[in-house]
Every structure is written in structure tokens, then in C-alpha cells.
Amino acid sequence: MFKYVMQIIVGILTFIISTFIAWYEGSAIIEKPFEWKHTTPFTNLFNTEITNGHDISPLDYFVYAAKFKPFFPTIMIVSVLYILSVTGLYLIKSKSKWGIGYWGLVGVILLIFSSSIFNSSTLGRSIFFSFSSISGFFFITVAVLLYKLHSTPKGELNS
């Protein structure tokens, strides 16, 4: 149990640090008014009119960073997937059926996320699409393999 907790703590710390750096990098949108129309979905969701850069929602900083400076947002995603994977491994060891469902659910969510960013026009969106698609297929493949492994009768494994 201790090794799982330590890995989750490292994943959380990595996520927090990369979040602050991505947020800082994304704050550059304040000085780029030509991007306000295309890179502020959260501000537009709240029906806020942008008259200066300080009207932009801080959540849009992440959108800008993901589109144009994707390194730290990618590290954020990797750390979340690492935390989810460690949690999945723990579930498989303790409750295998829950673990199989968990891996499958995470895979489906990743594939839905990747399909929502399919039309990639920037480097960041292309990276997120590729990364989430590959990760989604990986999680689903693990779920299917675990299901087959746990549904096979014990005697058939040795034959």
C-alpha cells in the first residue's frame, strides 16, 4: 500500500508544479488580443465580454498554454494518467472486477476526450489528440486483457 501512496503523491506534486507553470505560460494570452476570440472558451461560456486582458478567465490560460505551449499541459495530463494508472493497479490487486471496469471507463473517457479535439489546427491540439487516443486505446486494451485473464478458468491457463 505504501508504494502506491508514494507514487500517487509524486504524481500529485508533478501535477501541481506543471499546473502552475502552464497557468503562468498561458497568462501570455492577456497580451495577445488577436487570440481572444479563438482561445477563450471559458470566458465565452460565462458570456463575458473581453474589453481588456484582465477580463479573461484564468481557465482560458490553460487553453492558450495547451494550444501554443503544450509541454507543461502535457506533463499535467501525463501525471493525471499516472495517478489513474497507479490507482487502477491498486484496484486490480484488491478488487479485480472493479479494476477491470475502472481501466475500461478511463479508456472510454480518454477516447471521448480525443474525439472532441479531433480537428487539430495547432501543435498542442495535435499532441493532445494523439496522446489521449493512444492512452485511451491502451487503457481499454488493458481492461480487455485483464477481463480475459480473470474470466479464464484456472485450469486452462496451464494447458
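## A walk through the helices

Start by selecting residues 71–94, helix H4, together with residues 123–151, helix H6: in this predicted model, the two helices pack at an angle of about 5°, with 11 Å between their axes. Angles under 35 degrees count as roughly parallel, so H4 and H6 are roughly parallel to each other.

Now show the side chains where they touch. On the H4 side, pick Pro73, Thr74, Ile77, Val78, Leu81, Ser85 and Ile92. On the H6 side, pick Ile127, Phe128, Phe131, Ser135, Phe139 and Leu146. Try colouring them by class: this contact has ten nonpolar and three polar residues, but no charged ones.

Next, move to helix H1, residues 2–26, and add helix H3, residues 59–68. How do H1 and H3 lie, roughly parallel or roughly perpendicular? Their packing angle is about 85° and their axes are 7 Å apart, so these helices are roughly perpendicular to each other. At the meeting place, select Thr19, Ala22, Trp23, Glu25 and Gly26 of H1, which meet Tyr61, Phe62, Tyr64 and Ala65 of H3. Here the classes are six nonpolar, two polar and one charged.

For the last stop, turn on the surface. Select Met1, Phe2, Val5, Met6, Ile9, Ile12, Leu13, Ile16, Phe20, Trp23 and Tyr90: they form a nonpolar patch, with about 1,100 Å² of accessible area together. Which helix gives the most to this patch? That is H1, with nine residues, and Ile9 of the patch lies in this helix. You have met Trp23 before: this patch residue is also among those in H1 that meet H3.

Conventions. Residues numbered from 1 in each chain as written. Predicted model: local features only at pLDDT ≥ 70, side-chain atom pairs only at ≥ 80, totals over all residues. Heavy atoms only, no water. Axes fitted to C-alpha atoms, helices over the stretch in contact; angles between N-to-C directions. Helix = DSSP H or I, 4+ residues; strand = E, 2+ residues; numbered from the N terminus. Parallel < 35°, antiparallel > 145°, perpendicular 65-115°, else oblique. Contact = heavy atoms within 4.5 Å. Nonpolar A, V, L, I, M, F, W, Y, C, P; charged D, E, K, R; others polar. Patch = residues over 30% accessible without salt bridge, like charges linked within 9 Å, V, L, I, M, F, W, Y side chains within 5 Å. Areas by Shrake-Rupley, 256 points an atom, 1.4 Å probe, with all protein chains shown as cover. Salt bridge = Lys/Arg side-chain N within 4 Å of Asp/Glu carboxyl O.
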